[in-house]
Amino acid sequence: MTMMRDTSAIAEPTAWTDGPSSTPNHWARTVESGDDPSNPAAVHGIIGGSLPLRRVIRLVESVATTDAAVLIRGETGTGKELIGGLIHTLSARRGRPFVKFNCTAIPAGLLESELFGHERGAFTSAIARRLGRFELANNGTLFLDEIGDLPLDLQPKLLRVLEEQAFERIGSTHTIRTDVRVIAATNRPLEELVEAGEFRADLFYRLNVFPIDLPPLRERTEDIPPLVRHFVAHHARNVGRRIDAISPDVIDTLVRYPWPGNVRELQHVLHRAVIMSQGGSLELPPLAVRAAWPRAPRAETYDDANREHIVEVLRETNGIVAGPRGAAVRLGLKRTTLVSKMEKLGITPDRAVSTPAQEKGRAVHRY
């Protein structure tokens, strides 16, 4: 467990290496404050020096100088958009547009127009010509977030653009050539979607040229103390508070919590903590972070890891499986798929959210 030796809100960045014989490259460093302008990762808000994060950075460096399609995979809140931005910054396209598009943020009927544009009069509400994201990103990078939610009928059109680097605006027969590097991101298991017929296999293979898997925060806990100091300093400046100290007990609580919402959840919890802290020391408000669940032994098989992950998300949703706030949505699965996985792994919602004391009580009651 990583412990904080000092109580300052921000510590100086220190160099990291992969071992005694390795040397750090020109910018890859553990960044505590996130304010080092010489470090592209820090500029993009990527804080930490854990081995899992360093592995990701090495992959980013390897692929950034190419035009290969990249598929960034990871749970919600792990920083997929930040990694996409870092790839663009380290590429030869850095001086050109970096266009972001969330495939779930636009109604399905408007997605094609948003991606490829339309001509005036192409449909009822098309009162003027509109440029799509592919035109706006020409010579630059297009980041397609939540690609697993792209409607099936639009997937062949996206595949055509990736293969031919050409498209037509809606309402036009004129072919537009484009030079766009595509980076896609998802928190959904695309392989399972392909098997279920919900995602085209040919599009998956075209996007999955260079996959990068982002580790959840619970797998890089040594990054939590520098992240805490970074977010506390950031939020303290924004709300006009002075936070001079963060106690080891607070750090310990934050390190032990499993963070199902990952870095995004940590940032929001710390924002609330800064607002509610009355003195110069950071105070975690009631219920800002639940009492940390005891750490289970590290998973030894794929099923063990899958079981642990599903149980953690069920705890976060208080055992709710379906609905907009249920575990199925958080995991990017259909309700029926999640229920099937739970049955296979022997998971029940009530057992997932029970505390050790409740489990002990059940055992006494059973026997």
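A search of the whole structure finds six aromatic pairs, where rings of Phe, Tyr and Trp (its six-membered ring) count as a pair if their centres lie within 6.5 Å, with planes under 30 degrees apart called stacked, over 60 edge-to-face and the rest tilted. Before I go on, please keep in mind that this is a predicted model, in which local features need pLDDT of at least 70 and side-chain atom pairs count only at pLDDT 80 or more, while totals for chains, interfaces and linings use all residues. Residues are numbered from 1 along each chain as its sequence is written, and side-chain values use heavy atoms, with hydrogens and water left out.

One of these pairs is formed by Phe-116 and Phe-167, which are tilted, at 5.9 Å centre to centre and 35 degrees between the planes. Phe-116 sits in helix α4 and Phe-167 in strand β6 (residues 166–168), 51 residues apart; helices (H or I, at least four residues) and strands (E, at least two) are DSSP runs, numbered from the N terminus. Phe-134 and Phe-167 form another tilted pair, with 6.2 Å between centres and 45 degrees between planes. Because Phe-134 lies in helix α5 (residues 133–136) and Phe-167 in strand β6, this pair ties together parts that are 33 residues apart in sequence. Phe-116, Phe-134 and Phe-167 together form one aromatic cluster.

Are these rings buried or exposed? Phe-116 and Phe-167 are both buried, and Phe-134 is buried too, with a relative accessible area of 1%, where buried means under 20% relative accessible area, exposed over 50% and partly exposed in between (1.4 Å probe, protein chains only).

Phe-134 also brings us to the largest nonpolar core, which has 29 residues, and in which Phe-134 and Ile-147 have the most contacts. Such a core is a set of buried Ala, Val, Leu, Ile, Met, Phe, Trp, Tyr and Cys residues joined through side-chain atoms within 4.5 Å. Helix α6 (155–164) is among the elements that supply at least two residues of this core, and α6 gives the most, with four residues.

Let me end with the sheet, an open one of five strands in the order β4-β5-β8-β3-β9, with parallel pairing; two strands pair if DSSP finds at least two bridges between them. β4 (98–102) and β9 (210–213) stand at the edges with a single partner strand each, so one side of each is left without a neighbour in the sheet. Five bridges join β4 to β5 (residues 141–145), and Lys-100 has Phe-143 in β5 as its bridge partner.
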